[in-house]
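Thanks for coming. I will take a few minutes on one model, starting with the sheet and ending with the aromatic rings.

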Amino acid sequence: MDVLERLREICLAMPEATEKPFGGHTSPSFRVRDKLFVMTSEDGSSMMFKAGPGVQEALVSEGPERFFVPKYVGVKGWVGARLDVEQDWEELAELIEDSYRLIAPKRLSALLD
């Protein structure tokens, strides 16, 4: 399965998730109630997601070949994941769900339980 198709399948399984490019970009980004929870790079080689306190530091220090601090949004706790390297897709799906839960209204997050 294509990496972006796999990402799309995970993201759009979240309640009320939609796909809409970010800004002037053409790459897929995923939103809940028009708030971003996953963005992809224009070249499709990486994605960014929101993470809770301490998660960014832990992921980047444990797997710098897989995770990085993205420009602009990294200071707000977002984490970058490289999609052009071997990834644990179960782990990525959990991280995407966590990002969704941080962004989505509580009523929608509760639907995942």
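**Sheet, core and one ring pair**

Strand 5 and strand 6 pair over two bridges, in the antiparallel sense. Please keep in mind that this is a predicted model. At that pairing, Phe68 has Gly80 in strand 6 as its bridge partner.

Now the sheet as a whole. It is open, it is formed by six strands, and the order is 1-2-3-4-6-5, with antiparallel pairing. Strand 1, residues 17–19, and strand 5, residues 67–68, are the edge strands, and each of them pairs on one side only.

Next, the core. The largest nonpolar core holds 25 residues. Phe37, Val38, Met47, Phe49 and Ile96 are those with the most contacts inside it. Which elements give two or more residues to this core? They are helix 1 (3–12), strand 2 (29–32), strand 3, strand 4 (46–50), strand 6 (78–82) and helix 3. Helix 3 provides the largest share, six residues.

Last, the aromatics. Searching the whole structure gives one aromatic pair. The ring centres of Phe37 and Tyr100 are 5.3 Å apart and the planes stand at 85°; over 60 counts as edge-to-face, so that is what this pair is. Where in the chain do Phe37 and Tyr100 sit? Phe37 is in strand 3, residues 35–40, and Tyr100 is in helix 3, residues 89–103. They are 63 residues apart, so the pair links distant parts of the chain. Both Phe37 and Tyr100 are buried. Phe37 therefore comes up twice in this talk, in the edge-to-face pair and among the core residues with the most contacts.

Conventions: Residues numbered from 1 in each chain as written. Predicted model: local features only at pLDDT ≥ 70, side-chain atom pairs only at ≥ 80, totals over all residues. Heavy atoms only, no water. Phe/Tyr/Trp six-rings, centres within 6.5 Å; stacked < 30°, edge-to-face > 60°. Helix = DSSP H or I, 4+ residues; strand = E, 2+ residues; numbered from the N terminus. Buried < 20%, exposed > 50% of the residue type's maximum accessible area, 1.4 Å probe, protein only. Core = buried A, V, L, I, M, F, W, Y, C linked by side-chain atoms within 4.5 Å. Pairing = 2+ DSSP bridges.
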